[in-house]
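Biologist: I should like to request a close look at a single part of this model, the place where two helices of different chains come together. Please set that part in its wider context afterwards.

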Amino acid sequence: MSEENKKKIMFTVRKPPHGTIYVYEGLEVKLIMAAYDADISVVFIDDGVYALKAGQDTRELGIKGFEATYGVLVDYEIQKVFVDRKSMEERGLTEDDLLVIGEDEDTEEPIRPKMVDSSEIAAMMAQQHNILSF
Amino acid sequence: MKLAVCIYEGPYNHEASDSAYNFIKAAIVKGHEIRGIFFYHDGVYNVTKLMDPPQDDRHIANRWSELGASGIDIVVCIAAAKRRGIVDDVLVPNVRISGLGQLTMMAIEADRMVIFGD
């Protein structure tokens, strides 16, 4: 199926990564859906931006954690990963705090989620066939 | 319009299941098609036949089963179900356990996917 005919499906992540299972099980949905013929994008907003903070250590929580899986999103062909600039700023986070989600095939440069403004997110949302929130 | 509904929360504890049910009933009355219903997260607890609420309360699992009997595809996520001890043996009739691929197909084929939960 050609790129423009694929259904556009967006995931929004708005909850903190730990404390509830929504974000973790939401990640499982993304990995499965990426294997299907759909144009997948992910946007992290509100407390969801904490899921992208590098250097999470969940051992004391007694849970496996999923930062390592976020680290290979690009390998799962989830390349369109965005983070809301305003949500980052409100939480004192900068681009340097973001974890790496893969590396560029050609240059081997690390790929990080792209910081975008709310207006850009709104424009992307308007183009989606469906949006799933976690 | 072709609608798909995804429910994230368990029964009774949270309004999501009731709201989803009421939404679906109203949508059918309005002539919309329900492409499917998908239970995820604690939503998988909605369709266990072990549920036995007081007689003067609504029986949430039976309500979903009746909707399934009317021909709507009701799917329980296997990954979420396995975590929570929900297996085929405890399901009410007219619902099935399957994978996230089913949710994917609903998201692709439905005109709108409506999520109920926090």
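Which residues in α1(A) meet which residues in α4(B)?

Modeller: The model is a predicted one, and what follows should be read accordingly. On the side of chain A, the residues of α1(A) that take part are Glu28(A), Val29(A), Ile32(A) and Met33(A), and they meet Leu100(B), Gly101(B), Leu103(B) and Thr104(B) of α4(B). Sorted by class, this contact comprises five nonpolar, two polar and one charged residues.

The geometry can be stated briefly. Two packed helices are described by the angle between their axes and the distance between the axes. Here helix α1 of chain A covers residues 22-33 and helix α4 of chain B covers residues 100-109; the angle is about 75 degrees, and the axes lie 9 Å apart. Angles of 65 to 115 degrees count as roughly perpendicular, and α1(A) and α4(B) are therefore roughly perpendicular to each other.

This pair of helices belongs to a contact between the chains in which 14 residues of chain B touch 14 residues of chain A. On chain B, at least two residues each come from α3 (78-83), α4 and β5 (112-116). The greatest contribution on that side is made by α4(B), with six residues. By class, the side of chain B that touches chain A holds ten nonpolar, three polar and one charged residues.

Leu103(B), one of the residues that meet α1(A), also leads into the interior of chain B. Phe38(B) is in contact with Leu103(B), and likewise with Gln102(B), Met106(B), Ala4(B), Cys6(B), Val75(B) and Cys77(B), when neighbours within four places in sequence are left aside. Phe38(B) is in turn among the residues with the most contacts inside the largest nonpolar core, which has 69 residues; the others so listed are Ala4(B), Val5(B), Cys6(B), Val76(B) and Cys77(B).

As for the partner chain, chain A contains four helices and seven strands. Their order along the sequence is β-α-β-α-β-α-β-β-β-α-β. The radius of gyration of chain A is 14 Å, close to the 14 Å that the globule rule gives for 134 residues, so chain A is as compact as a globular protein of that length. The C-alpha trace of chain A spans about 45 × 35 × 30 Å along its principal axes. Of the 134 residues in chain A, 31% are buried. Among contacts in chain A between residues at least 6 apart in sequence, 78% join residues at least 24 apart.

Some local features of chain B complete the account. Most residues other than glycine have a negative phi. His41(B) has a positive phi, near 50 degrees, and lies in the loop between β2 (33-39) and α2. With 25 other C-beta atoms within 10 Å, His41(B) is buried. Tyr12(B) also has a positive phi, near 65 degrees, and is found in the loop between β1 (2-7) and α1 (16-29) of chain B. Tyr12(B) is partly exposed, with 15 other C-beta atoms within 10 Å.

Arg63(B), located in helix α2 (residues 60-69) of chain B, is partly exposed, with 18 other C-beta atoms within 10 Å. Not counting residues up to four places away in sequence, Arg63(B) touches Tyr21(B) and Arg58(B). Tyr21(B) stands 42 residues from Arg63(B) along the chain, yet their C-alpha atoms are separated by 8.2 Å.

Note on methods
Residues numbered from 1 in each chain as written. Chains lettered and ligands numbered in written order. Predicted model: local features only at pLDDT ≥ 70, side-chain atom pairs only at ≥ 80, totals over all residues. Buried ≥ 20, exposed ≤ 12 C-beta atoms within 10 Å, placed from the backbone. Contact = placed C-beta atoms within 7 Å. Core = buried A, V, L, I, M, F, W, Y, C linked by C-beta atoms within 7 Å. Rg over C-alpha atoms; globule rule 2.2 N^0.38 Å. Axes fitted to C-alpha atoms, helices over the stretch in contact; angles between N-to-C directions. Parallel < 35°, antiparallel > 145°, perpendicular 65-115°, else oblique. Nonpolar A, V, L, I, M, F, W, Y, C, P; charged D, E, K, R; others polar.
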